[in-house]
Amino acid sequence: PHPFYVYTLCPQTTFDGKYRLTPLFNNSTFLCGRHGVSGDNCIIEGGQIQVSIISTPYDFPVKDLYFYGITFSKSTTYGVAAVASSETRAEFHDCHWKEGTGESALH
């Protein structure tokens, strides 16, 4: 495995939230555009769960996840749902949750 992974979302793009984002690798960073700022308008819209973080001690543990500049909009259950081990850490920088109709933005 690589020491880190960077995924760049296209700026000025709305992504269909029904295709949830599920990070699979440690040290993964998800950027809105080249600089990871919310002003570049990377929006994940709709869907029940927009980001699903699954990591257990029995699987390959996903430990460090970073999200920069992403807007989570109109989720119907959770913007981000995590079922993870105590080793898992997810950080959200300049991220926004808007118009969700579900139970909460984070679970």
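This report covers the cysteines, the nonpolar core, a surface patch and selected loop residues of a predicted model.

## The disulfide

A search of the whole structure turns up one disulfide. The partners are Cys32 and Cys42, with sulfur atoms 2.2 Å apart. The angle about the S-S bond is 85 degrees, and the link of Cys32 and Cys42 is right-handed. Cys32 sits in strand β3 and Cys42 in strand β4 (residues 42-45), so the bond ties together parts that are ten residues apart in sequence.

Cys32 is buried, at a relative accessible area of 0%. Cys42 is also buried, at 0%. Leaving aside neighbours within four places in sequence, Cys32 is in contact with Leu9, Val37, Asp40, Asn41, Cys42, Tyr68, Gly69 and Ile70. Tyr7 is 25 residues from Cys32 along the chain, and the C-alpha atoms of the two are separated by 8.8 Å.

## The unpaired cysteines

Cys10 is in no disulfide. For Cys10, the nearest cysteine sulfur belongs to Cys42, 7.6 Å away. A disulfide needs sulfur atoms within 2.5 Å, so a pair must meet that cut-off to count. Cys10 is partly exposed, with a relative accessible area of 48%.

Cys95 is in no disulfide either. Its nearest cysteine sulfur is that of Cys32, at 8.9 Å. Cys95 is buried, with a relative accessible area of 11%.

## The nonpolar core

The largest nonpolar core has 14 residues. Val51, Phe67, Ile70 and Phe72 touch the most other members. Several strands feed this core: β3, β4, β5 (49-55), β6 (64-68) and β7 (70-73) each supply at least two residues. In soluble globular proteins, nonpolar side chains tend to be buried together.

Phe67 has a long contact list once neighbours within four places in sequence are set aside. The list holds Leu21, Pro23, Phe30, Val51, Ala90, Glu91, Phe92, His93 and Cys95. Val51 is thus on the Phe67 list, and Val51 is also among the core residues that touch the most other members.

## The surface patch

Some nonpolar side chains lie on the surface. Tyr7, Leu24 and Phe25 form a nonpolar patch there, with about 290 Å² of accessible area together. Phe25 belongs to the loop between β2 (13-16) and β3 (28-32). Phe25 is partly exposed, at a relative accessible area of 36%. Patch residues must have over 30% relative accessible area, so a value is needed above that cut-off.

## Loop residues

Asn27 shares its setting with Phe25: Asn27 lies in the loop between β2 and β3, as does Phe25. The phi of Asn27 is near 55 degrees, a positive value in a residue other than glycine. At 28% relative accessibility, Asn27 counts as partly exposed.

Two residues stand out in the loop between β3 and β4. One is Asn41. Asn41 is not a glycine, yet has a positive phi of about 55 degrees. Asn41 is partly exposed, with a relative accessible area of 34%. Asn41 is also among the contacts of Cys32.

The other is Ser38, placed in the loop between β3 and β4. Ser38 is buried, at a relative accessible area of 18%. The cut-off for buried is under 20%, so Ser38 meets it. Not counting residues up to four places away in sequence, Ser38 touches Gly69, Asp94 and His96. Gly69 is on the Cys32 contact list too.

Definitions and conventions. Residues numbered from 1 in each chain as written. Predicted model: local features only at pLDDT ≥ 70, side-chain atom pairs only at ≥ 80, totals over all residues. Heavy atoms only, no water. Patch = residues over 30% accessible without salt bridge, like charges linked within 9 Å, V, L, I, M, F, W, Y side chains within 5 Å. Areas by Shrake-Rupley, 256 points an atom, 1.4 Å probe, with all protein chains shown as cover. Salt bridge = Lys/Arg side-chain N within 4 Å of Asp/Glu carboxyl O. Helix = DSSP H or I, 4+ residues; strand = E, 2+ residues; numbered from the N terminus. Buried < 20%, exposed > 50% of the residue type's maximum accessible area, 1.4 Å probe, protein only. Core = buried A, V, L, I, M, F, W, Y, C linked by side-chain atoms within 4.5 Å. Contact = heavy atoms within 4.5 Å.
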